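User: I would like to go through this model by question and answer. Please keep the replies short.

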Amino acid sequence: MQPPAGSQVSRVPAQRTPSEQLPPAPATPAPQPPRRRTRTVLTVVAGVLALLCLGGIATAVVWYNRASTPDRSTPDVVVDNYLRAFLVDRNDVRADLFTCESESQLEALRALRTDLVEREQRFGTTITVSWGPLTVQTQGEAAAVEVTLIISARMDGISQSDRQSWRFDTRSSDGWHVCGGTRAS
């Protein structure tokens, strides 16, 4: 029932219950859905893993370069590395990394290795080559390295060895290289 028009009752504000008079309570932030939180965590973890992988790859490249680059820092080191590659390992590809690109005069050492291989086959034995200290005489961009090669074999239970003095000529050009080798008398 409504009061008649113009009556006092119609001009009085309607009575409301206290809960209707209060302004609406501010909205409390709803907790983030777990989906969004999981996505953030996964993104951070993926970013960290990507950085770790890139760091690992960079470290591996540096280590590989250090391990695969031949050491040609000094004349005695390059001669030692050359002798090891050529006479001990008999790896021509590796030995070439230590020699001059042109004018290489290493025929005498090639002849020595050929002779050693033939003797091994003929006598059915293994011949080893070692050497003592290397003596270096440097003059500017060139150096002479002298060394005594010790050639050893075991035949019929008897050890035999031969000592040969050798002189190697080296040059510095983007690191030291062996350019020649001759047997000293």
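User: Which residue in strand 3 does Trp131 stand opposite?

Analyst: This is a predicted model. Strand 1 and strand 3 run antiparallel and are joined by 5 bridges. Across this pairing, the residue opposite Trp131 is Leu149.

User: Which residues of strand 1 point to one face and are buried?

Analyst: In a regular strand the side chains alternate between the two faces of the sheet. Strand 1 shows such alternation: Thr128 and Ser130 point to one face and are not buried. The buried residues, pointing to the other face, are Ile127, Val129 and Trp131.

User: Which residues touch the most other members of the largest nonpolar core?

Analyst: In soluble globular proteins, nonpolar side chains tend to be buried together. The largest nonpolar core here has 26 residues. Helix 4, helix 6, strand 1, strand 3, strand 4 and strand 5 each supply at least two of them. The members with the most contacts to other members are Tyr82, Leu83, Leu109, Leu149 and Phe168.

User: Which element gives the largest share of this core?

Analyst: Several helices and strands contribute, among them helix 6 (107–123) and strand 4 (158–172). The largest share is 7 residues, and it comes from helix 4.

User: Which residues does Phe168 touch, leaving out those up to four places away in sequence?

Analyst: Phe168 is one of the core residues that touch the most other members. With residues up to four places away not counted, its contacts include Val79, Leu83 and Leu109. The others are Ala143, Ala144, Val145, Val147, Val178, Gly180 and Gly181.

User: Why is helix 4 described as largely enclosed by the rest of the structure?

Analyst: Helix 4 covers 75–88. Its buried residues include Pro75, Val78, Val79, Tyr82 and Leu83, but also the polar side chains of Asp80 and Asn81. Helix 4 is largely enclosed because its buried residues number 10 of the 14.

User: How far does helix 4 reach from its first C-alpha to its last?

Analyst: Helix 4 has 14 residues. At 1.5 Å a residue, 20 Å is expected. The computed span is close to that, at 19 Å.

User: What is the phi of Arg90, the residue that follows helix 4?

Analyst: Most residues other than glycine have a negative phi, and most peptide bonds are trans. Arg90 is not a glycine, yet its phi is positive. The residue lies in the loop between helix 4 and helix 5 and is partly exposed, at 29% relative accessible area. The phi of Arg90 is about 55°.

User: Is Asp156 buried or exposed?

Analyst: Asp156 sits in the loop between strand 3 and strand 4. Asp156 has a positive phi of about 55° although it is not a glycine. With a relative accessibility of 78%, Asp156 is exposed.

User: Which cysteines form a disulfide?

Analyst: A search of the whole structure finds 1 disulfide. Its sulfur atoms are 1.5 Å apart, inside the 2.5 Å cut-off. The two cysteines are Cys100 and Cys179.

User: How many residues apart are Cys100 and Cys179?

Analyst: Cys100 is in the loop between helix 5 and helix 6, and Cys179 is in strand 5. Cys100 is buried at 12% relative accessible area, and Cys179 is buried at 5%. The pair links distant parts of the chain, 79 residues apart.

User: What pattern does the protein follow along the sequence?

Analyst: The protein has 6 helices and 5 strands. Read in sequence order, the pattern is α-α-α-α-α-α-β-β-β-β-β.

Terms used:
Residues numbered from 1 in each chain as written. Predicted model: local features only at pLDDT ≥ 70, side-chain atom pairs only at ≥ 80, totals over all residues. Heavy atoms only, no water. Core = buried A, V, L, I, M, F, W, Y, C linked by side-chain atoms within 4.5 Å. Buried < 20%, exposed > 50% of the residue type's maximum accessible area, 1.4 Å probe, protein only. Helix = DSSP H or I, 4+ residues; strand = E, 2+ residues; numbered from the N terminus. Contact = heavy atoms within 4.5 Å. Pairing = 2+ DSSP bridges. Expected span 1.5 Å × (residues − 1).
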